[in-house]
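Reader: I have a model open and some questions about its side chains and helices. Can we go through them briskly?

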Amino acid sequence: MTGTVHKAPPTGAAPPVRPPRTPRTPRLARSLTPWLFLAVPLALLITFTYAPVANMIAYSFTDWDGVSPQLHYTGAENYVELVTRPELFQVFFVSGYYLAASVVQIAAALYFATVLSFNVRFRNFFKGVLFFPYLINGVAIGFVFLYFFQDGGTLDSLLSLLGIHSDRAWLGTPTSANTSLAGVSVWRYTGLNFVLFLGAIQSIPGELYEAAELDGANRWHQFRYIIAPGIRPVLSLTVILSISGSLSAFEVPFIMTGGATGTETFVIQTVKLAFQFNKTGLASAAAVVLLLIILGVTWVQRRLVPDDRVDLV
């Protein structure tokens, strides 16, 4: 009869030491500790973000006026009204001005971030100047530029000092008003994109610039082959933020024109539907449509420009 032969340990040898088994209670405590820290942020996120979004989606299928305690389910009637009434979607043409302005602000922010990432005199001063407009409240910006663009205001005074006399009403026609408002958005948000680009550029190892200079690369070559590939994820992020911001512009046009003179944006129209015409159900449907459009644009952008890991070293 055969069997397994167990060799006895040599005389005087110590038995193998087994690591002590971790008790179940400490292991459970370690697994629950991260959730204890996340409990309060998750509760706040659900309470003030996801719960209101769920309520908004529910209201979009009703005829609620925002005041009465009673509301009636109307199905997809609000969404049908949005599609069948062209004037409700014509306001998206106004977003084209802000999309064009976002291209200008991204280009300007990328240029200044590239220049100020090298050794330039007073570069800290210029960094503060560029980022300062983003720190100002949007309502204050609206009132300041409302006086800036009014007849005989700051802009007309500056032009008269240069010998240019203009009787143009800067906020009097749809084209000039939307162009002026888009210019305000460029002035305000260039600083945010500038800081994002500057942080991405400064995260690139300095050895790459030194090696490029030894190989005879000039500033343009450094930008093309080092900076541009290195900031691609941040550039993708700024494009998404610019598109969503262009579609949801509200503060500055609402303060300066109130949506008059053909400057009404989709968000201003939604606010008027809810609080001026008491059509909260229709306004909720419009907000859901805007959310879906932004999510769709973001998805398409991420599919066209995937966020690949950048490895320059």
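Reader: Is Lys272 buried, partly exposed or exposed in this predicted model?
Author: The model is predicted. Buried would need a relative accessible area under 20%. Lys272 has 21% relative accessibility, so it counts as partly exposed.

Reader: Which residue forms a salt bridge with Lys272?
Author: The rule asks for a side-chain nitrogen of Lys or Arg within 4 Å of a carboxyl oxygen of Asp or Glu. Here the closest N and O atoms are 3.4 Å apart. The partner of Lys272 is Glu264.

Reader: Why is helix α12 largely enclosed by the rest of the structure?
Author: Helix α12 spans residues 266-275. Its buried residues are Phe266, Val267, Ile268, Gln269, Thr270, Leu273 and Ala274. The helix is largely enclosed because the buried share of its ten residues is seven.

Reader: What covers the buried residues of α12?
Author: Contact here means heavy atoms within 4.5 Å. The cover includes three helices: α10 (232-247), α11 (251-256) and α13 (280-304).

Reader: Which residue of helix α11 meets Arg188 in a salt bridge?
Author: The N to O distance is 2.8 Å. The pair links distant parts of the chain, 63 residues apart. Arg188 sits in helix α7 (residues 174-202). Its partner in helix α11 is Glu251.

Reader: Of Arg188 and Glu251, which is buried and which is partly exposed?
Author: The cut-off for buried is under 20%. Glu251 has a relative accessible area of 33%, so it is partly exposed. Arg188 is at 9%, so the buried one is Arg188.

Reader: What is the N to O distance between Arg85 and Glu81?
Author: Arg85 is partly exposed, with a relative accessible area of 26%. Glu81 is partly exposed too, at 23%. Their side chains meet in a salt bridge, N to O, at 2.6 Å.

Reader: How many salt bridges does the rule count?
Author: Arg85 with Glu81 is one of them. Arg188 with Glu251 is another. The count comes to four.

Reader: Is Gly142 buried or exposed?
Author: Gly142 lies in helix α5 (residues 138-149). Its relative accessible area is 0%. That is under 20%, so Gly142 is buried.

Reader: Which residues does Gly142 contact, leaving aside neighbours within four places in sequence?
Author: Pro253 is 111 residues from Gly142 along the chain, yet their C-alpha atoms are separated by 7.6 Å. With those sequence neighbours set aside, Gly142 is in contact with Ile255 and Met256.

Key. Residues are numbered from 1 along each chain as its sequence is written. This is a predicted model: local features need pLDDT of at least 70, side-chain atom pairs count only at pLDDT 80 or more; totals for chains, interfaces and linings use all residues. Side-chain values use heavy atoms; hydrogens and water are left out. Buried means under 20% relative accessible area, exposed over 50%, partly exposed in between (1.4 Å probe, protein chains only). Helices (H or I, at least four residues) and strands (E, at least two) are DSSP runs, numbered from the N terminus.
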